[in-house]
Amino acid sequence: MKRTLIALAFAVAAVAAPAAHADNSNWTKPIRPYRVVGNIYYVGSEGLSAWLITSSQGHVLLDSGPSAEGAKLIERNIATLGFQLADVKILINTHAHFDHAGGLAQLKADIPTAKVWASRADEPALEKGQHFGDNDNGLTPFPAVKVDKGFGDGAKLKLGETALIAHLTPGHTIGCTTWTTQVTEKGRPLNVTFPCSLSVAGNQLIGNKTYRDIVADYRASFAAMRAIPTDVMLPSHEEQGDLLAKRQKLLRGDPNAFVDPTELSRFVDAYEGQFNQELARQQAAAPGVKR
Ligand SMILES: [Zn+2]
């Protein structure tokens, strides 16, 4: 009986946390929005990032939260900062997973003039509203959204004096997009990188029939991301960059709270280590399967 109860407890935990996160309750927990650096503002929840990049000609919003509720939280944060929702011109996304794309449909409905830009490789997943590729967590569906503009590696997004570059870093999803921009903070130019996730997150690395190049893609992405000059790394999950701790430092008056030129390489190293471990585990579990 006791063993059954323990087994049941594990089963419930697994269902509650399909995306390899032990606790997702902070994904929809409000937090006061704030200016991070230059013209970049944090408008996400406590646990899930959303970034507003402003310009005199309108604004870009990166990521959407997990749901319509998550989108509404972001909209309130934009208003709290004194910006007009209608001035958001372009909605972009790190990748087509529900926790970062599930609010896009609601945002687009609420800002009818805003255009959704997405990598061509992630476009079908966004328009279908589900993960692409064989994944042990399943398809994790989310509200589908129409993509207005698909782009490839190196695409430039310009809006007023703001410019962003899209770097394709596939693996976590087939169209995972790392965005970069430059800002000026008190006269100092800073390279800012919004890295796409690099975690395995249930992806089948061995025998993935719908995403056969997944292992090669991850490896190329580790190298590509390391090569991006970065002073400020702004990830899509709080715990990927200790965002709450940095915010506290910022509020205490430390102008360099978010500046760390070594952080992105440490981020890549950590995920590459986890990836290699998980690849070895999956290879051991499926002997004889090449890829
Ligand atoms: Zn993801």
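Colleague: Before we count anything, what are helices and strands here?

Modeller: Helices (H or I, at least four residues) and strands (E, at least two) are DSSP runs. They are numbered from the N terminus. In this predicted model, that gives 8 helices and 12 strands.

Colleague: Thanks! What does the protein average in pLDDT?

Modeller: Confidence is not even along the chain: pLDDT stays under 50 over residues 1–21, and the model has 11 contacts beyond four places in sequence for that stretch. Still, 92% of the residues score at least 70. The average pLDDT is 93.

Colleague: What radius of gyration does the protein have?

Modeller: The C-alpha trace spans about 55 × 40 × 40 Å along its principal axes. With 291 residues, a compact globule would have a radius of gyration near 19 Å. The protein agrees with that, at 19 Å.

Colleague: Which helix gives the largest share of the largest nonpolar core?

Modeller: That core has 63 residues, and Val43, Trp51, Leu62, Leu91, Leu104 and Leu126 have the most contacts inside it. The largest share, 5 residues, comes from residues 263–285. That is helix H8.

Colleague: Let's look at Leu91. Which residues is Leu91 in contact with, leaving aside its neighbours within four places in sequence?

Modeller: Leu91 is one of the residues with the most contacts inside the largest core. Setting those neighbours aside, its contacts are Leu61, Leu104, Leu107, Lys108, Ala114 and Val116.

Colleague: Now the open sheet of 7 strands: which strands stand at its edges?

Modeller: The order is E1-E2-E3-E4-E5-E6-E7, with mixed pairing. Two strands, 34–37 and 149–151, each have a single partner strand, so one side of each is left without a neighbour in the sheet. Those edge strands are E1 and E7.

Colleague: Which residue in E7 is the bridge partner of Ser119?

Modeller: Strand E6 covers residues 115–119, and 3 bridges join E6 to E7. These two strands run parallel. In E7, the partner of Ser119 is Phe151.

Colleague: And do E8 and E9 run parallel or antiparallel?

Modeller: E8 (residues 156–159) and E9 (residues 162–168) form a hairpin with 2 residues between them. Gly160 in the turn has a positive phi of about 55 degrees, and Leu157 has Leu164 in E9 as its bridge partner. The two strands are joined by 4 bridges and run antiparallel.

Colleague: Last one: what share of contacts with a separation of 6 or more comes from residues 24 or more positions apart?

Modeller: For context, buried residues make up 43% of the 291 residues. Among contacts with a separation of 6 or more, the share from residues 24 or more positions apart is 67%.

Conventions: Residues numbered from 1 in each chain as written. Predicted model: local features only at pLDDT ≥ 70, side-chain atom pairs only at ≥ 80, totals over all residues. Core = buried A, V, L, I, M, F, W, Y, C linked by C-beta atoms within 7 Å. Buried ≥ 20, exposed ≤ 12 C-beta atoms within 10 Å, placed from the backbone. Contact = placed C-beta atoms within 7 Å. Rg over C-alpha atoms; globule rule 2.2 N^0.38 Å. Pairing = 2+ DSSP bridges. pLDDT = per-residue confidence, 0-100.
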